[in-house]
Amino acid sequence: MNFLSLFVAIPVLMMLVLLVSRSLNGIRAVMVTGATLLLGLAVMLVYMYIGERGAGNTAEMLFCADRLWFEPLNIHYAVGVDGISVVMLLLSAVIVFTGVFASWRLAVQQKEYFMWFCLLATGVFGFFISIDLFTMFLFYEVALIPMYLLIGVWGSGRKEYAAMKLTLMLMGGSAFLLVGILGIYFHSAPEGGSYTMNLLEIARVHIPMSAQRLFFPLTFLGFGVLGALFPFHTWSPDGHASAPTAVSMLHAGVLMKLGGYGCFRVAIYLMPEAAKELSWIFIVLTGISVVYGAYSAIVQKDLKYINAYSSVSHCGLVLFAILMLNRTAMTGAVLQMLSHGLMTALFFALIGMIYSRTHTRSIEEMGGLMKVMPFLSVCYVIAGLASLGLPGLSGFVAEMTVFVGAFEHADTFYRVMTVVAATSIVITAVYILRVVGRLLYGNVLNPAHLSLKDATWDERFAVVCLIIAVAGIGLAPGWIADLISGSVLPVVGHLG
């Protein structure tokens, strides 16, 4: 048993134990124990990885394991991590841990809900540790499939429509992705020999440029659909708005990061010449995502839709930075994935807690909540300040690194697009401050809200954990940036 495989084994074991659990307390105990183990493993992995690097181990991937899975196609169960994978595993573990407490008082079909939740976590963790394209694609699909039931059964509003729309659009992206992966596979041995799915082995060969031109757009588009790439982003707001609280946290906080991670790890890394030649096309699309998402958030009245369109903008910024193809911008992209994952999970947790009390998400029906729910209100202000990029919180570090790196690009077109994308900072400040003012301050518009209760212990615990993480990155980003920056170098080297 490889150490990394425990990230997949633990959620699977949790599902098996949940099958025989009878009581609500037993279900909760299984989830808390499993989520705590995953978080502890992630922290231990960070410590071990930093130790290996400090000891002079310069291997591209550490803690690798490789076992032949399907010999006719040379498919392996191959796992390994670099600094970027380690950071993504830590993010996933934090959000799974806090998501358990955000779902603490779920009243309907708790066992089934948590089993699908664990399957989603299995796919996410497996994706981030995989260095075999087939294994990576397998876990990618495992992460997507539970979303249909988690939204369609436990969601709210137009949940069946949102679940079906999300599933169809993401499966459409998977079809593009599968064609791209097969194209890479059948060009992985241009000079003869066995075809391979191993990322590190493919990176050592040169895929013909004619093949790169064909399969780079398909691969980037396939992953980009999950990263809310314009115009394939429309599943995201509906999916976020209808999902239950913890699913929204995991969906926006982690699942959408599979798109950016895949674009970086597969499309850019394995097809660098096509990336340099065709990146301008996707720069335009991601630039639209950044600005369009921010403008769309301004006109929304529903709290979840505001945060959903904000996620389109922030995830667009991840892809935008990756396409700048330099070390600083790519480091900023991973920092943005980490920062957005934490702060959007915090947002969706708070929105779910507010909705469970007020039974509305319309900002026009709420006001003065600071007077009746001071803890949740202060936490919402902190989440808003992180989203608009207040120095000292994670959003500032990530966005500054992205825009500094993007402006390093010598091409005038790329610099103009950077200026356009940077306007989203101002737009974000407008809708965040507008929502905070309407939602939390002034008079209490609905007399029934005067009797609302503030956060319970489980809600406070989940929210405080996320706030500590957001503030920790903002105040001490250096070690994370170093972890990421060193792992960006192999990709930058391929780009020349």
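**Exercise 1. Place G126 in this predicted model: which helix holds G126, and is G126 buried or exposed?**

Solution. Start with the secondary structure: G126 belongs to helix 4, which covers residues 110–129. Next, check the accessibility. The cut-off for buried is under 20% relative accessible area, and G126 counts as buried because its value is 0%. Then look beyond the sequence neighbours within four places: G126 is in contact with V8 and F139. Finally, try a distance: L138 lies twelve residues from G126 in sequence, and their C-alpha atoms are 8.8 Å apart.

**Exercise 2. Work out how F128 and Y261 pair, and which helices they come from.**

Solution. Begin with the geometry of the rings. The centres of F128 and Y261 are 5.0 Å apart and the planes make an angle of 85 degrees. Planes over 60 degrees apart count as edge-to-face, so the F128–Y261 pair gets that label. Now locate the partners: F128 is in helix 4 and Y261 in helix 11 (residues 257–270), so this pair links distant parts of the chain, 133 residues apart. Each ring is buried, F128 at 1% relative accessibility and Y261 with a relative accessible area of 1%. To finish, widen the view: F128 and Y261 form one aromatic cluster with F127, F137, Y140 and F223.

**Exercise 3. Find the residues that touch the most other members of the largest nonpolar core, then follow one of them outwards.**

Solution. The largest nonpolar core has 190 residues, and those touching the most other members are F7, F216, I268 and Y380. Helix 14 (residues 327–358) gives this core its largest share, 18 residues. Follow I268 next: leaving aside neighbours within four places in sequence, its contacts include F216, F220, M330 and V491. Y380 can be reached from another side, since V435 touches Y380 as well as L303, I306, I363 and L440, not counting residues up to four places away in sequence. V435 itself sits in helix 18 (residues 412–440) and is buried because its relative accessible area is 2%.

**Exercise 4. Describe helix 12: what is its span, and where is its kink centred?**

Solution. Take the length first. Helix 12 runs over residues 272–298, 27 residues in total, and reaches 37 Å from first to last C-alpha. That is close to the 39 Å expected at 1.5 Å a residue. Then check for bending: helix 12 has a kink of about 55 degrees, centred on L278.

**Exercise 5. Which rings have R361 and R460 over them?**

Solution. R361 lies over the face of Y355, 5.4 Å from the ring centre. For R460, the charged end sits over the ring of F375, at 4.5 Å from its centre.

Note on methods. Residues numbered from 1 in each chain as written. Predicted model: local features only at pLDDT ≥ 70, side-chain atom pairs only at ≥ 80, totals over all residues. Heavy atoms only, no water. Helix = DSSP H or I, 4+ residues; strand = E, 2+ residues; numbered from the N terminus. Expected span 1.5 Å × (residues − 1). Bend = angle between axes of the 7 residues up to and from the residue. Buried < 20%, exposed > 50% of the residue type's maximum accessible area, 1.4 Å probe, protein only. Contact = heavy atoms within 4.5 Å. Core = buried A, V, L, I, M, F, W, Y, C linked by side-chain atoms within 4.5 Å. Phe/Tyr/Trp six-rings, centres within 6.5 Å; stacked < 30°, edge-to-face > 60°. Lys NZ or Arg CZ within 6 Å of the ring centre and 35° of its normal.
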